[in-house]
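Q: I'm new to this one. Can you walk me through it?

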Amino acid sequence: MLKVSAGALKDILKGTDPIALFAFEEGLAGAAFLSPAARKSLLARAKDEGFSGKAGETVSFLASDGSKERRFVLAGLGKKASLDREGIRKAAASLYKAYKKRFPSLGFCPHTEIQASAEGLLLSSYEFSRYKKPEEGVLLTSVLVPWADARERARCEAALAKAALAAEAVFFARDLVNTAPSDKTPLSLAEAAKGLAGSGVTVSVIEKEEAADLGMGSFLGVARGSVHPPALVHLIYKPKGAKKKVALVGKGITFDSGGLSLKPPQSMETMKCDMAGAALVFGVFKVLARLKPKVEVHGYAVMTYNLPAAAAYKPGDVLRARNGKTIEVLNTDAEGRLVLADALCLAAEEKPDAIVDFATLTGAVLIALGSSVTGAMTNDKALLARLSSASRLADEPLWELPLPKEYEENIKGKIADLQNIGKVRGEAGTLIGGLFLREFVGETPWVHLDIAGTAWTDSEKPYCPAGGTGVPVRTVLEYLSAF
Ligand code: BES
Ligand code: MN
Ligand code: ZN
């Protein structure tokens with residue numbers, strides 16, 4: 001496990017660990033502790049080795065630090081003018097990948113953007129090794145980031161602590177998503193969630209009978225198809241003096257086969273990812289008591305399998321949600337909105353200032369926005385604006401999609417209040433999902449994030465291996481930190 005911590009510059013300089021630095025195409029970034037002569041000879045040496053400071057490049061060599069020979073490692077940031085935080089995360093990730101098997105420890109002087117630099121290192125160190133031996137030969141376990149004086153020390157330590165919490169939350173979410181579907185039954189995840197209780201966090205589990213008493217017919221309709229019973233986990237973080245209350249609601253389909261409206265085999269391959277919304281809620285609660293945001297937070301993880309067993313709900317069935325609305329099921333593969341309907345009712349009854357739901361809801365959002373941009377829909381522009389600025393800090397892009405009046409007619413049922421798919425097949429699937437969910441939040445300010453494209457990646461990304469991404473956990477942490 002990689003640890004990134006703060007240390008005194010003079011101790012790092014006295015030591016013998018390699019010193020890692022960032023460099024632009026135009027020259028070294030930061031590294032003010034080196035004399036102009038030492039900087040010049042470093043750059044000359046790097047050029048000699050074919051390093052030009054381009055993004056993604058790395059180089060390592062022995063050179064003088066002004067008083068003695070030591071090893072330097074450079075990571076390219078590209079052109080000065082085009083630098084941004086995400087570029088820094090990616091450069092730190094290149095650094096980690098290039099040298100994780102070579103050096104057990106590094107001094108690392110990112111100069112600015114300490115949090116992003118540490119995130120790049122930490123997030124790229126993630127490995128899911130539950131079912132196979134960890135990668136052989138990884139050495140790098142300790143990185144020391146320098147401070148020069150007491151004021152810098154406090155700033156540096158705070159930035160590194162934030163990065164470490166973010167990575168911990170992201171890893172927790174990635175692990176849950178990557179876990180095989182049969183190894184994450186709703187009740188076993190609920191049991192694991194109880195482990196998140198502690199200082200400032202309480203956890204309760206609504207099991208099947210209680211959900212029935214609560215009138216959650218929509219959620220329980222989906223759950224009928226599995227021998228493993230459903231569970232709805234309610235987590236509460238309540239700091240003293242909090243003036244606002246936020247609810248986070250996560251879709252937790254522990255495997256989505258489509259139910260009787262069965263998916264084709266290829267589409268099912270990755271459907272263990274359909275609980276990524278619930279995994280996000282758990283990841284956030286893993287670190288909340290230590291992050292200490294000044295806001296009350298309620299987490300709801302609504303979990304069940306979606307399977308075509310003998311008792312499974314059928315196309316044509318009518319379900320009744322907790323708020324009394326009836327729903328004609330025309331496609332059992334549009335199950336996410338059905339389980340969320342009841343969870344959103346429950347969340348709205350808490351009278352929070354905001355509800356944000358996280359759901360791998362529609363394949364259509366992947367067609368519209370691809371695998372890097374989350375689709376956002378809302379009934380409250382100001383709330384979405386706050387989430388969007390958090391998403392910019394985290395560099396987990398969101399893009400607003402509309403909830404058009406013209407399409408409201410599409411989810412009206414023939415023999416029930418609503419139907420769970422739109423009337424025109426293949427059109428505006430993501431918006432239809434959003435319009436449906438809006439029926440269950442009442443007047444509460446609400447944002448729906450469709451993470452079907454972003455919570456999972458089929459191929460490796462700069463600081464994330466193939467599998468669960470943990471997106472947008474860091475956005476949520478930034479959003480809550482801003483209260
Ligand atoms: N879990 C899927 C959506 C999904 C697709 C997530 C791809 C991740 C990657 C969801 O339950 C679903 O099946 N949605 C249907 C809705 C349709 C039946 C209206 C879809 O997108 O096809
Ligand atoms: Mn489905
Ligand atoms: Zn689903």
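A: We'll take the metal sites, then the sheets and helices.

Q: Any ground rules?
A: This is a predicted model, where local features need pLDDT of at least 70, side-chain atom pairs count only at pLDDT 80 or more, and totals for chains, interfaces and linings use all residues. Residues are numbered from 1 along each chain as its sequence is written, chains are lettered from A and ligands numbered from 1 in the order in which they are written, and side-chain values use heavy atoms, with hydrogens and water left out.

Q: OK, which residues are the protein donors of the zinc ion (ligand 3)?
A: Lys-251 (NZ), Asp-256 (OD), Asp-274 (OD) and Glu-335 (OE), at 2.0 to 2.4 Å from the ion. Donors are N, O and S atoms within 2.8 Å of the metal (3.2 Å for Na, K and Ca); water is not among the atoms, so sites may look incomplete.

Q: How are they spaced in sequence?
A: The zinc donor residues follow the pattern K-x4-D-x17-D-x60-E. Lys-251 sits in strand S10 (residues 245-256). Glu-335 is in the loop between strand S13 (326-328) and helix H11 (336-349). The two are 84 residues apart, so the pair links distant parts of the chain. Helices (H or I, at least four residues) and strands (E, at least two) are DSSP runs, numbered from the N terminus.

Q: Why is the zinc arrangement octahedral?
A: The six donor atoms around the zinc ion (ligand 3) subtend angles of 78 to 173°, which makes it octahedral. The rule: four donors count as tetrahedral if all angles lie between 85 and 135 degrees; four count as square planar and six as octahedral if opposite donors are over 155 degrees apart and all others between 65 and 115; anything else is irregular.

Q: And which residues are the protein donors of the manganese ion (ligand 2)?
A: Asp-256 (OD), Asp-333 (O and OD) and Glu-335 (OE), lying 2.1 to 2.2 Å from the ion. Their sequence spacing is D-x76-D-x1-E.

Q: What is the arrangement around manganese?
A: Irregular, because the six donor atoms around the manganese ion (ligand 2) subtend angles of 71 to 170°.

Q: How far apart are the two ions?
A: The zinc ion (ligand 3) and the manganese ion (ligand 2) are 3.1 Å apart. Asp-256 coordinates both.

Q: Is Lys-251 buried or exposed?
A: Lys-251 is buried, at 1% relative accessible area. Glu-335 is buried too, at 0%. Asp-333 is partly exposed, at 22%. Buried means under 20% relative accessible area, exposed over 50%, partly exposed in between (1.4 Å probe, protein chains only).

Q: Switching topic. What's the strand order in the open sheet of eight strands?
A: The order is S8-S9-S11-S10-S14-S18-S15-S16, with mixed pairing. Strand S8 (201-207) and strand S16 (398-400) stand at the edges. Each has a single partner strand, so one side of each is left without a neighbour in the sheet. From one strand to the next, the twist averages 20°.

Q: How many bridges do S10 and S14 share?
A: Five: S10 and strand S14 (residues 354-359) pair in the parallel sense. Ala-247 has Ile-355 in S14 as its bridge partner. Two strands pair if DSSP finds at least two bridges between them.

Q: Which strands does helix H6 touch?
A: Helix H6 (residues 186-194) packs on the sheet and touches S8, strand S9 (231-237), S10 and strand S11 (296-306). Its direction makes about 15° with that of S9. Contact means heavy atoms within 4.5 Å. Axes are lines fitted to C-alpha atoms, for helices over the stretch in contact, and angles run from 0 to 180 degrees between N-to-C directions.

Q: Where does H15 lie?
A: Helix H15 (residues 473-481) lies across S10, S11 and S14, at about 165° to S10. Eight of the nine residues of H15 are buried, so the helix is largely enclosed by the rest of the structure. Among them are Val-473, Leu-477 and Tyr-479.

Q: What about strand S5, how many of its residues are buried?
A: Eight of the ten in strand S5 (residues 69-78), so S5 is largely enclosed by the rest of the structure.

Q: Which strands pair with S5?
A: Strand S2 (residues 19-24) pairs with S5 in the parallel sense over six bridges. Strand S4 (residues 58-64) pairs with S5 in the antiparallel sense over seven bridges. S4 and S5 form a hairpin with four residues between them. Gly-66 in the turn has a positive phi of about 110°.
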